[in-house]
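Here are my notes on the model you sent over, as a few numbered points. Please read them with the structure open beside you.

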Amino acid sequence: MKIILLGPPGAGKGTQAKFISEKYFIPHISTGDIFRKNISEKTPLGIEAKKYLDEGKLVPDEVTINIMKNRLGMDDCKNGFLLDGFPRTVTQAKALDLFLNGIDQQIDKVLLIDVPKGLIFDRMTGRRVCPSCGASYHIKFNPPKIEGKCDVCNSDIVQRKDDTQSTVKDRLDVYDKQTEPLIGYYKSQGVLSIVNGTGEINEVFQNVKNILKDIHR
Ligand code: AP5
């Protein structure tokens, strides 16, 4: 299964990706996670990407496309993958199509997680993440068992640098201008399905499974 998760920042893509990846045994590939890992390791890519992430802007297409071509060429992607945060521009989507056509493959489904903007601010400003293992929480909707501590590794959880109110606004503007056109792009390919992302986390996953049962083989 080759799936793309589309949706505004904070819609719940990363949260659902974890469940989808476990249920359907496909690797969860998040460009945001790749950039954050490189930033924390201070690699040349991380140093380059940091300035864009801190300002809520997109990392340039050619950088992102090259990373993803390498990643999708790895062995664990042979039987499918789940893309979270890529593509994010029409240029990236066309590059992905070209890459997949070259290996005689195609995207099975693009899931657009649909959440009204009003909910997104609450979700993003309340998000906390574990800097050690990457686990994600929400202070109200998905709190850790012990306040401020990661359930998985007991590290102190923190707010992402780009989850402050002003950066969230910038990221939503970037989404509207650069990523939303992908909805039309994938609709015209006949692979887009809209997931109601407003319910509780488990309800949203049920909506996802209802859509994927038609293509899971
Ligand atoms: P990235 O990490 O991809 O961020 P994003 O797309 O902005 O998405 P988020 O991670 O903010 O949100 P999400 O939809 O995954 O929501 P989550 O599940 O965490 O990208 C970061 C940056 O990297 C970009 O700004 C850009 O600079 C760069 N970048 C990445 N990809 C790029 C690309 N292709 N090209 C160029 N640059 C790129 O949920 C959010 C919160 O809500 C959590 O606290 C969660 O617990 C909670 N929550 C989730 N679901 C529910 C629910 N149903 N009910 C209640 N709470 C919920």
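1. Lysine 18 sits over the face of phenylalanine 19, and the distance to the ring centre is 5.6 Å. A second arrangement of this kind involves lysine 23, which lies over the face of tyrosine 24 at 5.6 Å from the ring centre. Please keep in mind that this is a predicted model.

2. Serine 21 belongs to helix H1. Is serine 21 buried or exposed? With a relative accessible area of 17%, serine 21 falls under the 20% cut-off, so this residue counts as buried. Its side chain also has a polar partner: a polar atom there lies 2.8 Å from the backbone oxygen of isoleucine 26.

3. On to the aromatic rings, where the structure holds two pairs. One of them joins tyrosine 185 and tyrosine 186 in an edge-to-face arrangement, with 5.1 Å from centre to centre and 90° between the planes. The label edge-to-face applies because planes over 60 degrees apart are counted that way. Tyrosine 185 is buried, at 17% relative accessibility. Tyrosine 186 is buried as well, and its relative accessible area is 0%.

4. Now the ligand. How many residues surround the ligand? There are 34, and the closest are Thr15, Lys57, Arg88, Arg127 and Arg171. By character, the residues of this shell divide into twelve nonpolar, twelve polar and ten charged.

5. Some polar contacts are worth a look on your screen. Arginine 123 places a polar side-chain atom 3.4 Å from a nitrogen atom of the ligand. Tyrosine 137 takes part through its backbone, where a polar atom is 2.8 Å from an oxygen atom of the ligand. Glycine 199 likewise uses a backbone N or O atom, which lies 2.9 Å from a ligand nitrogen atom. As for cover, the ligand on its own has 1,000 Å² of accessible area, and the protein covers 96% of that.

6. Which elements give two or more residues to the shell around the ligand? They are helix H1 (13-24), helix H2 (31-40), strand E6 (136-138) and helix H9 (201-212). H2 gives the most, with four residues. Helix H1, on that list, is also where you will find serine 21 from point 2.

Conventions
Residues numbered from 1 in each chain as written. Predicted model: local features only at pLDDT ≥ 70, side-chain atom pairs only at ≥ 80, totals over all residues. Heavy atoms only, no water. Phe/Tyr/Trp six-rings, centres within 6.5 Å; stacked < 30°, edge-to-face > 60°. Buried < 20%, exposed > 50% of the residue type's maximum accessible area, 1.4 Å probe, protein only. Lys NZ or Arg CZ within 6 Å of the ring centre and 35° of its normal. Near = heavy atom within 4 Å. Polar contact = N/O pair within 3.5 Å; in protein donor to acceptor, adjacent residues only side chain to side chain. Areas by Shrake-Rupley, 256 points an atom, 1.4 Å probe, with all protein chains shown as cover. Nonpolar A, V, L, I, M, F, W, Y, C, P; charged D, E, K, R; others polar.
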